[in-house]
Amino acid sequence: MFGRVQLLGCVLMVAALAACGTGDGQNGTEIHGKKEKKAPTMDMQQAGQRSEAILDGTLAAIRPPVEWTYGAPAEAACSTGLNEPTGTTTVTRSRNILTVVSEQRRGNLLGLVQRYWERQGFRVASVNSDKDMPRIRARNADGFTVSLDVGSIGNVSVSAGFNCAENSAMTYPTGTPGHPGGPKAEELRPRERSDFWSSDEPLRQ
């Protein structure tokens, strides 16, 4: 059951990134009722590397620091409204935070990450303030979408992706699940304790 829930979460994450991607949906612009083809601004390798750099910066901005591991990458082929292939793919990379983040400190984490993203030129696209599974998503002018999600078991993941990059070969950081040097499956359940992030005491104002 847990595996199904997590798989559904990954599918929804890719769908959300695709919906928020370059803004035109299919790498094209409507002009006088006709679709004008627009070439992708980068290939999958470039999109993957940029996504990893965005995640590196995001995790480095979290203070006190947290333990994390690579999440499973995702790729979803883009198609036209007629379900025809476009030669492009949505690329998503993610990190799973292994530090236990208590319910009392989730708001602090979301606020810290949001402020960092805004300083990097991202604009908030949506916020879910659900008590148990909050999330925030943002996007920058280059077409990258970022997301911070709290899962059903209190796990926290951060993702970054680009919609409809030109198809190309890709490389992955050592430790990426399902790829050489990495585990077969991603680690989702937080297990490290932090005096700050795992505390059940609310912060004093």
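**Entry 1: strands S6, S7 and S8**

I began with Ile136, which stands opposite Leu148 in S8. The model I am reading is a predicted one.

I then looked up how S7 and S8 are joined: 5 bridges link these strands, and they run antiparallel. Their hairpin has 4 residues between the strands, and I noted that Gly143 there takes a positive phi near 95°.

I turned next to the pairing of S7 with S6. Strand S6 covers residues 123–128 and strand S7 residues 135–139; the two run antiparallel and are joined by 5 bridges. I checked Ser126 and found Arg137 in S7 as its bridge partner. S6 and S7 also form a hairpin, with 6 residues between them.

**Entry 2: helix H2**

I moved on to H2, which has 18 residues, from 44 to 61. From its first C-alpha to its last I read a reach of 26 Å, close to the 26 Å expected at 1.5 Å a residue.

At the start of H2, I looked for contacts of Asp43 and found that one of its side-chain oxygens comes to within 3.2 Å of the backbone nitrogen of Gln45.

I then listed the buried residues of H2, among them Met44, Gln45, Ala47, Gly48, Ser51 and Glu52. Further along the helix, Ile54, Leu55, Gly57, Thr58 and Leu59 are buried as well.

Which elements do the buried residues of H2 pack against? I recorded helix H3 (103–119) and the strands S3 (68–70), S4 (74–79), S5 (85–97), S8 (144–150) and S9 (156–166). Strand S8 thus appears in both entries: it is joined to S7 by bridges, and the buried residues of H2 pack against it.

Note on methods:
Residues numbered from 1 in each chain as written. Predicted model: local features only at pLDDT ≥ 70, side-chain atom pairs only at ≥ 80, totals over all residues. Heavy atoms only, no water. Expected span 1.5 Å × (residues − 1). Buried < 20%, exposed > 50% of the residue type's maximum accessible area, 1.4 Å probe, protein only. Contact = heavy atoms within 4.5 Å. Polar contact = N/O pair within 3.5 Å; in protein donor to acceptor, adjacent residues only side chain to side chain. Pairing = 2+ DSSP bridges.
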